[in-house]
Structures are given as C-alpha cells and as structure tokens.
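Grab a coffee and work through these short exercises on charged side chains. Try each task before you read its solution.

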Amino acid sequence: MSNNDRLVDWLVKYRQRPFIQIAQRTMVTLFPIVLIGCIASLLSNVLFSENGFLGSILYINKWMPFRNVLRDIFSDISTVSIGYIATYAAYVSANLTVRRYKDGIPTAGLTALVAYLLIFQQSLRSSENVIDMRFYTANWFIFGLLVGYLVGKIFVRFGKHTGLNDFNLNSAVILKSTFANFRPILISLGAAFVIHLLFIAIRSFYIDTTITMGLSTILNNHSNYAMTLLISLVETVLSWLGFAESLRISNDMFSSEFFENLSYALTHRSIAHVPYPFTPAALYNGYGQFGGCGVALALIIAILWVSHHRNSRSVAKASSLPVFFNSNMPLIFGAVVMLNPIYVLPFIFLPIVNMLLASVLIMLHILPAIVYMVPNGTPGILTPLIGTGGDFWAVLWSVMFLILDVALYIPFVKLADKCEDRVQAQRKAGEQNEGN
C-alpha cells in the first residue's frame, strides 16, 4: 500500500469518527442558512451602505431612495441567520447525535438550544445588554457544536424514544413518553447552569474586561514583524477550529501605526517610505485574505477547476459571490473546510506564504505598502490596489499570488476527491452486502 493510500485510509477513518461526522453534517445542514445570511449581509454592508465597496463606487447614497431601510432589512435577515449560527449548531448537532445512536428524540435539540442560551445569559450588569450577541455568531460555532454533541450524548445515555413523530398515538401516550425524558433534560440544563455560574463569576469580577483592556493596551502599542505573522497564524488556526473571524484583524489593531502611516502618506504625498509597512491589517488583509480567511477564493477556483464531484462544485458555485467579497463562511460550511485535516495546511499557511512574499517585495521597494483604508466588503484581490492608492503593480502581484495559491490548493482538492470516492465506494459495498 502506498503512502498516499495510507493517507486516504486515515482521512476516511477520521471522517467516520462520531464527533467529526456530527460536525460535518451540522455544517452541511446549516449551509443554506449561512449562504442566505452572508448574501443578506453583503447587500446590507457592501451594497446599501455608503461605506461599502459597491455602495461607495456606485454613489448609492446620492440616487437610491429608501437605501437605509433596505440596509436595515437585510441586516435583520443576516442577524437572524448567521448572527445566531452557534445556537443553531447546538440544536442541529444534538439532534444528529441522538439519531446516530438511536431513534430521534425531538426534545434533545430544543434542550441543547436552551442550554446554550442559558450558559451566556446574564443580568448582573444592569448597565449592559443582557444578551451579548458575540457569543451566538460563527465566532463560537465550535462551542455550540460541542454543547449540542454533549447534550445529544446525554440523551443517548438517559433518554427514551417518544411518540412525537407518530401522529397515530393519542396525546396521553405522547405526554407520558415526554415526561420520561425529564432526566436527560435536567442533567443537560444542570450542567449548563454550572457553566452559567462560572460565566457569571468571570463577568462579576470583571475578568473579561481586564483581559480585553490588556489586549487593547498591547494592540495600541507598536507591532513587530514576528508579531504580525503570529497574529495572522493564530487567526487562521482559530478559524479552522471553528472560531471564524475570531481576531478580526483590522485597522483597529495597532491603530497608532495605521494613523502614522496615513499621516506620512498625506504629508509627503507618497507611500514609498511609510514608517510601518508591515502592519497586520496591511499584510494580512491585503495579501492573506483573497476571499476571506484561508485564501478561500483560491480554494473555490481550485474546486471548480479540478474537482469531479458535483456537490463540491455546486457549493463552490453557490459560494462564489460571498467569497469574492471576502465572506468565506458559506464555503467553509458547505465544503466542510472547518475541522477538516485535508485543508488544514493550505488554509493556515497560504496566507503566511502570501504575506512573506509580499514582505520581500515591499522590502525591495517593488511593492508599496498598503496605507489607505478600503471600503467594507472590498474584494480581497482588489484590496492592495485600493490600499496603495491605485498602484498597478499591487494588483498584478495580487493576481500572481492568487495563481500560486490556486496551484498549491489543487493537490488538496484532488485528495479530498479521493477521500470522497473511497467513502462512496464503501457505502455502495455496504448497501450491496445488506441487499445480499
């Protein structure tokens, strides 16, 4: 057996592990909701916002009536879809976990959702909102997934099948079977309540505020090149683990450097010798995010180019519009990139490769540094062009980096196809054995 075959065998076994199966099926189940939410977010923040990429180049605020109304409507759609995606993950993963081991128990998903909400609900600081929305977005997807999986396992261990799916049973039988699941409900909510108390303790003693202030102090100081690469690496690793956009590298990070660069460019009318050419916002957002975290645009092109699986190509096509405007969440869910060891190396290291190459070119004064702020939703491939004030070489090198990224993604897409072929072959063999 060749090393490649051994690798495929290991990857197939990895996919067959219970938690990974639940995680992947949860992502695929949520893919349509994520896609709709991301498109709504693009319409709200990129098209109907005067600070958005399309809104600014089309001067949307000067000629479109009810622009703000449309922006708010699509913002609401985005909020109720991707804004609560971690809670949906808890619900879906709990139901899938129960179904994997025994007949479905509808109460499991609802219990997981309530447990997740209970963990982060707090009313001790009257001056703050009771609900902190950051805990329900994709930033905390992995935690919602884990809560749902653990609640599902509790129901597998202590739960009993109900008659809720059998519409021929009378209400007395259904109610009796529902009461039979009080034990796993109480265990699940009791565990959530314990975590809830820990969360209250953290916030009551302002531990979270202290950590946030400490990070803010660090980020208001000057960075160095090693820190820039480290922050970018942590961002991509956490995103692959399920904390999407966890650090949100932006101009707010090391803002003093950004404003010093901007002041220098405006004063000298040149960006050739800005004092801080290697800021995280400039390097990572400029050359490490073509299509979002993990250089998602390169992955889409690679899938459409070499993949022979119709589902993968359909997901890539459906995700193309959001990814072009730097929203990679649909692709990560639909193509199951998150927690997938097949894509871990290119997802994590291609942004670093792009940043290193760009750094060398900036050091040699072949590329200018990215100094200017870009509108929200600016396509990653155009960020260097706008951020440098229209430098032609910036966009040319961006295209060359993207071509390199696509070439490096292709072997991993082919490996993913081989794993899918092996899984489908095993499934067909199993069906044939059952038929015989």
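**Exercise 1.** In this predicted model, find the N to O distance at which the side chains of Arg 67 and Glu 50 meet, and say which parts of the chain they link.

*Solution.*
- Start with the distance: the Arg 67 and Glu 50 side chains form a salt bridge at 4.0 Å, N to O.
- Next, place the partners: Arg 67 sits in helix 5 (residues 67–81), while Glu 50 is in the loop between helix 2 (18–47) and helix 3 (53–57). The two are 17 residues apart.
- Now check accessibility. Arg 67 has a relative accessible area of 11%, so it's buried, given that buried means under 20%. Glu 50, at 41%, counts as partly exposed.

**Exercise 2.** Work out which helices the salt bridge between Arg 422 and Asp 9 ties together.

*Solution.*
- The contact itself comes in at 2.2 Å, N to O.
- Arg 422 belongs to helix 20 (residues 392–435) and Asp 9 to helix 1 (residues 3–15), so the bridge joins parts 413 residues apart in sequence.
- Arg 422 is partly exposed at 25% relative accessibility, and Asp 9 is partly exposed at 21%.

**Exercise 3.** Do the same for Arg 15 and Glu 420: how far apart are the closest N and O atoms, and where do the residues lie?

*Solution.*
- The closest N and O atoms of this salt bridge are 2.9 Å apart.
- Arg 15 is in helix 1 and Glu 420 in helix 20, so this pair ties together parts 405 residues apart in sequence.
- Arg 15 counts as partly exposed at 22% relative accessibility, and Glu 420 is partly exposed at 22%.

**Exercise 4.** How many salt bridges does a search of the whole structure find?

*Solution.* The search turns up 4.

Notes: Residues numbered from 1 in each chain as written. Predicted model: local features only at pLDDT ≥ 70, side-chain atom pairs only at ≥ 80, totals over all residues. Heavy atoms only, no water. Helix = DSSP H or I, 4+ residues; strand = E, 2+ residues; numbered from the N terminus. Buried < 20%, exposed > 50% of the residue type's maximum accessible area, 1.4 Å probe, protein only.
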